[in-house]
Amino acid sequence: MRWSNLGDSPSALFGTDVVSTTIDTPEFRGITFHEVRARSIVNRVPGASRMPFEWTVNPYRGCSHACVYCFARKTHSYLDLDTGVDFDSQIVVKVNAPELLRRELAGHRWRGDHIAMGTNVDCYQRAEGRYRLMPGIVAALRDHANPFSILTKGTLILRDLPLLQQAAAVTDVGISVSVGFLDHELWRTVEPGTPAPDRRLDVVRTLTAHGIPCGVLMAPVIPFLGDAPEQLRATVRAVAEAGAGSVTPLVLHLRPGAREWFLAWLERHHPHLVRRYAAMYADGAYAPKWYQRRITRQVHELATEYGIGPTRSGGTRRIPPPDTAPGPAAAPDDAASPQPAEPTQLTLI
């Protein structure tokens with residue numbers, strides 16, 4: 001592993017004092033934790049990104065959620081680890097993250113900008129149950145009244161609910177939970193290390209009930225497996241019923257590192273779709289814009305129907321019972337439907 005190279009220069013990511021531990025308890029069986037002391041913890045987002053924030057904090061590298069599509073897989077190759085099994089089971093833990101963050105927030109150069117977490121790998125993955133880095137991180141942000149947001153698939157965030165409430169009393173706090181679909185068979189194979197979708201929606205419900213506004217990132221919408229009109233409707237309806245304030249769709253994208261791993265999974269589980277994916281993603285990591293626009297429009301129409309649309313002004317949700325819900329949204333070429341010039345899709349860093 002390239003630890004020595006990473007620790008040789010003043011600009012290195014980590015020092016060379018790495019402690020690697022393989023845990024054999026049932027919840028961590030087969031996972032190796034590499035405990036490192038990071039040189040910095042607040043990272044600037046690349047300028048080419050369209051993300052609505054400039055700074056991130058990532059206490060972990062690698063993720064036991066094992067989502068086969070995870071765009072962050074490529075980062076493991078920088079450590080001479082593979083982007084498949086190693087990404088899922090070789091977890092880098094920045095054990096000094098809370099103290100380092102507190103020091104960086106107190107620095108004279110820091111201007112109190114928004115900090116996003118969970119945008120690379122999940123900061124509430126299973127490792128967090130062992131290392132408990134997030135309480136110190138959230139407490140540091142609270143003490144400096146520094147605005148922040150968290151994106152997660154993990155139910156462990158509820159452990160830190162009192163801290164989140166305290167932070168929300170002094171600064172802007174945004175929480176988003178990722179739920180791309182409800183299909184349990186699809187979930188078990190494509191996101192095997194995550195809590196089930198309904199458990200994630202329980203997180204939304206609990207946070208909202210305790211005064212922490214929560215949105216849902218409907219990600220990823222997986223072509224040909226999770227994009228049927230009835231699937232989109234069921235997901236948006238469940239999101240609205242959980243009390244989410246918004247739902248934002250994001251179509252599957254396949255960057256190098258993730259692309260190879262996902263296509264190998266597709267060959268094993270859905271070989272009949274391999275050629276369709278080759279055509280859809282022939283031009284790069286992202287699905288064609290016409291497809292992104294179609295999914296975005298369908299989800300936004302459903303969200304508006306269920307009272308959580310992008311133009312919602314705070315009125316009461318109107319959720320019709322399933323047997324009286326209108327039919328699927330109009331086809332993409334329906335002249336009566338508004339056609340956005342660009343999809344309101346995020347480009348992840």
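How many helices and strands are there in the chain? In this predicted model, the chain contains 12 helices and 11 strands. Of its 349 residues, 53% count as buried, and the accessible surface of the chain comes to about 15,500 Å², with 54% of that area belonging to carbon and sulfur atoms. When contacts with a separation of 6 or more are considered, 76% of them are accounted for by residues 24 or more positions apart.

One sheet was examined strand by strand. It is an open sheet of four strands, arranged in the order β1-β2-β6-β5, and the pairing within it is mixed. The edges are occupied by β1 (19-23) and β5 (60-61), each of which has a single partner strand, so that one side of each is left without a neighbour in the sheet. Strands of a sheet pair through backbone hydrogen bonds, and they do so in either a parallel or an antiparallel sense. For β1 and strand β2 (residues 31-36), the pairing is antiparallel and extends over five bridges; within this pair, I23 has I31 of β2 as its bridge partner.

The packing of helix α6 (residues 161-168) was considered next. Which residues of this helix are buried? The buried positions in α6 are L161, L163, L164 and A167. These residues lie on the same side of α6, because the arc that they cover around the axis is only 160°. The elements against which the buried residues of α6 pack are the helices α5 (134-143) and α8 (197-209), together with the strands β8 (148-152) and β9 (173-178).

The backbone shows several local features that deserve individual description. A219 and P220 are joined by a cis peptide bond, for which omega is about -10°, and P220 is part of strand β10 (residues 214-221). Positive phi values occur at two residues that are not glycines, R132 and F224. In the case of R132, phi is about 50°, and the residue is found in the loop between α4 (127-131) and α5. In the case of F224, phi is about 70°, and the residue lies in the loop that runs between β10 and α9 (229-241). The side chain environment of F224 can be described further, in that this residue counts as partly exposed at 26% relative accessibility.

A search of the whole structure for charged pairs finds 11 salt bridges. In one of these, the side chains of R102 and D143 meet with an N to O distance of 3.0 Å. This pair links distant parts of the chain, since R102 belongs to helix α3 (residues 97-105) and D143 to helix α5, with their positions 41 residues apart in the numbering. Both partners are partly exposed, R102 having a relative accessible area of 33% and D143 a relative accessibility of 45%. D143 also forms a salt bridge with R142, for which the closest N and O atoms are 2.8 Å apart, and R142 counts as partly exposed at 22% relative accessibility. R102, R142 and D143 are accordingly linked in a network of salt bridges.

A further salt bridge is formed by the side chains of D160 and R159, with a distance of 2.9 Å from N to O. Are the two partners buried or partly exposed? D160 counts as buried, with a relative accessibility of 3%, whereas R159 counts as partly exposed at 25%.

The cysteines were examined last. A disulfide is a covalent bond between the sulfur atoms of two cysteines. The search of the whole structure finds zero disulfides. C63 takes part in no disulfide, and the cysteine sulfur nearest to that of C63 belongs to C70, at a distance of 6.4 Å; the cut-off applied for a disulfide is a pair of sulfur atoms within 2.5 Å. C63 is buried, with a relative accessible area of 6%, and C214 likewise counts as buried, at 3% relative accessibility.

Notes
Residues numbered from 1 in each chain as written. Predicted model: local features only at pLDDT ≥ 70, side-chain atom pairs only at ≥ 80, totals over all residues. Heavy atoms only, no water. Helix = DSSP H or I, 4+ residues; strand = E, 2+ residues; numbered from the N terminus. Buried < 20%, exposed > 50% of the residue type's maximum accessible area, 1.4 Å probe, protein only. Contact = heavy atoms within 4.5 Å. Areas by Shrake-Rupley, 256 points an atom, 1.4 Å probe, with all protein chains shown as cover. Arc of directions from axis to C-beta. Salt bridge = Lys/Arg side-chain N within 4 Å of Asp/Glu carboxyl O. Pairing = 2+ DSSP bridges.
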